[in-house]
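Q: I'd like to walk through this structure with you, piece by piece. Can we begin with what you mean by your terms?

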Amino acid sequence: MTRYEKYFIPVYKRIDKVITGGEGSTLYVKDGEYLDMFSGLGVNVLGYGNKKVNKAVVEQLKKHNHLSNYFETESAGKLAKYLIEHSFAEKVFFSNSGTEAVEAGLKIIKKYGKNNGRKNIITFTNAFHGRTLGSASITAPDKSSVYNHSGMTGVLTLEFNNMKDLDMINSESAGVFIELIQGQGGINIADEHFVKELKKRTDKYKVILMIDEIQSGMGRTGKLLSFENYGIEPDLAVIAKAIGGGLPLGALLANKEFCDYLTIGEHGSTFGGNPVACAAGLATVKQINSRKFMYSVTLKGELLKEEVCKLKKKHPDIIGRISGMGLMIGIEILKNEDKIMGLFEKEHIFVNMTQGNILRLLPPLIITEEEIHRFVKVFDKVLPDL
Ligand SMILES: Cc1ncc(COP(=O)(O)O)c(C=O)c1O
């Protein structure tokens, strides 16, 4: 039992360690230093204690920490401008989280559907888009959740990567919602020809294509937004996690056609676009959004994948499917998967599991090659104990 567990509604199984600080990819715990291989669930792309992010936060706090959206703030304005200048988007709406950014996009799709007599919204098997009822409605049925698909009607679930299923996208469809690299769903990568065909169909039938970049965006796959790897652009995209530099922030990005679709009063948020979160976000995105940085993510991702593939050859009975792009990697564990987090923890490495048996690696993007080798060495050491 963790120190304060009895005070919390028990929706999380927490790791029983007290974190006292961190630097780079390392977290400080009472009993020593730990390598963090999931970076606050993909948030801390620059690791811990990034000086530029911390400075931006302190500077903003000296001015004001909150004003409400009745005022324009310099930091939200600058972040919005930066995102527009470096993406397909024409305008942005800031929320506090990923699921709220999804809700904003769903409102556009709902309105578009209503205005044009289009009844359904498309989602895919194994999708995860958040925990509000709207987002949960397009999150693929998870047997353990009574909420999925309970919030909205008219949702059609197609099989991820099934070309034939794309035939169900037609002039009855208002919008398609997709993660090109499914995170929570087990690090499943959309095939290139599947994505190209999806884009073709959404264009042909004038269906809104909305891409969820909450986990895969912000440099995670070696591009600012993962769809850049496919050479396509969506109508809408949602980002969150890393965009707040460790503070709560999400954003809906909309193209020219849909950027003015919601009007005054149709959507809003008290804290959305909080100036401190935006200052942290701008300091973060400016540090990651360079060719050199993105290339380093690609190279380190390849190194990590290559090394894990070598381990698979050595332990074929324990390691199954390996998938991933950049520093977003999934490793299927074929036996005793419930032991793996504990075994890594004993070796001072924090890891995360998803879908029960997928070891999901989302390290800080600043992880070093030495740290990657350390992870691989420990993995090799603990595998026989499974
Ligand atoms: C792909 C994806 N979409 C949506 C969300 C929901 O984001 P949040 O937890 O910030 O609401 C997540 C969170 O893990 C996610 O990975």
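A: A residue is called buried here if 20 or more other C-beta atoms lie within 10 Å of its own, with the C-beta atoms placed from the backbone. Please keep in mind that this is a predicted model.

Q: Which residues of helix 8 are buried, then?

A: In helix 8 the buried residues are Ser-296, Val-297, Lys-300, Gly-301, Leu-304 and Val-308. In general, an α-helix has 3.6 residues a turn, so residues three or four places apart point the same way.

Q: What span does helix 8 reach from its first C-alpha to its last?

A: Helix 8, which covers residues 291–314 and has 24 residues, reaches 35 Å, close to the 34 Å expected at 1.5 Å a residue.

Q: And what do its buried residues pack against?

A: The buried residues of helix 8 pack against strand 13 (319–325), strand 14 (328–333), strand 17 (358–361) and helix 10 (369–382).

Q: How are the strands ordered in that sheet?

A: It is an open sheet of four strands in the order 13-14-17-16, and the pairing is antiparallel. Strand 13 and strand 16 (352–354) are the edge strands, each pairing on one side only, and the twist from one strand to the next averages 25°. Helix 8 packs on this sheet, where it touches strand 13, strand 14 and strand 17, and its direction makes about 170° with that of strand 13.

Q: How many bridges join strand 13 to strand 14?

A: Five bridges join these two antiparallel strands, and Ser-323 stands opposite Gly-330 in strand 14. Strand 13 and strand 14 form a hairpin with two residues between them, and Gly-326 in the turn has a positive phi of about 55°.

Q: What about strand 16 and strand 17, over how many bridges do they pair?

A: Strand 16 and strand 17 pair over three bridges in the antiparallel sense, with Leu-359 in strand 17 as the bridge partner of Met-353.

Q: Switching to the ligand, which residues come nearest?

A: Of the 15 residues around the ligand, Gly-98, Thr-99, Gly-130, Ile-214 and Gln-215 come nearest. Helix 4 (residues 98–116) gives the most to this shell, with three residues, and the shell as a whole divides into four nonpolar, nine polar and two charged residues.

Q: One last spot: where is Gly-268, and why does it count as partly exposed?

A: Gly-268 sits in the loop between strand 12 (250–254) and helix 7 (275–288). Gly-268 counts as partly exposed because it has 13 C-beta neighbours inside 10 Å. The C-alpha atoms of Gly-268 and Phe-93 are separated by 8.7 Å, although these residues are 175 residues apart along the chain.

Note on methods:
Residues numbered from 1 in each chain as written. Predicted model: local features only at pLDDT ≥ 70, side-chain atom pairs only at ≥ 80, totals over all residues. Near = placed C-beta within 6 Å. Nonpolar A, V, L, I, M, F, W, Y, C, P; charged D, E, K, R; others polar. Expected span 1.5 Å × (residues − 1). Buried ≥ 20, exposed ≤ 12 C-beta atoms within 10 Å, placed from the backbone. Contact = placed C-beta atoms within 7 Å. Pairing = 2+ DSSP bridges. Axes fitted to C-alpha atoms, helices over the stretch in contact; angles between N-to-C directions.
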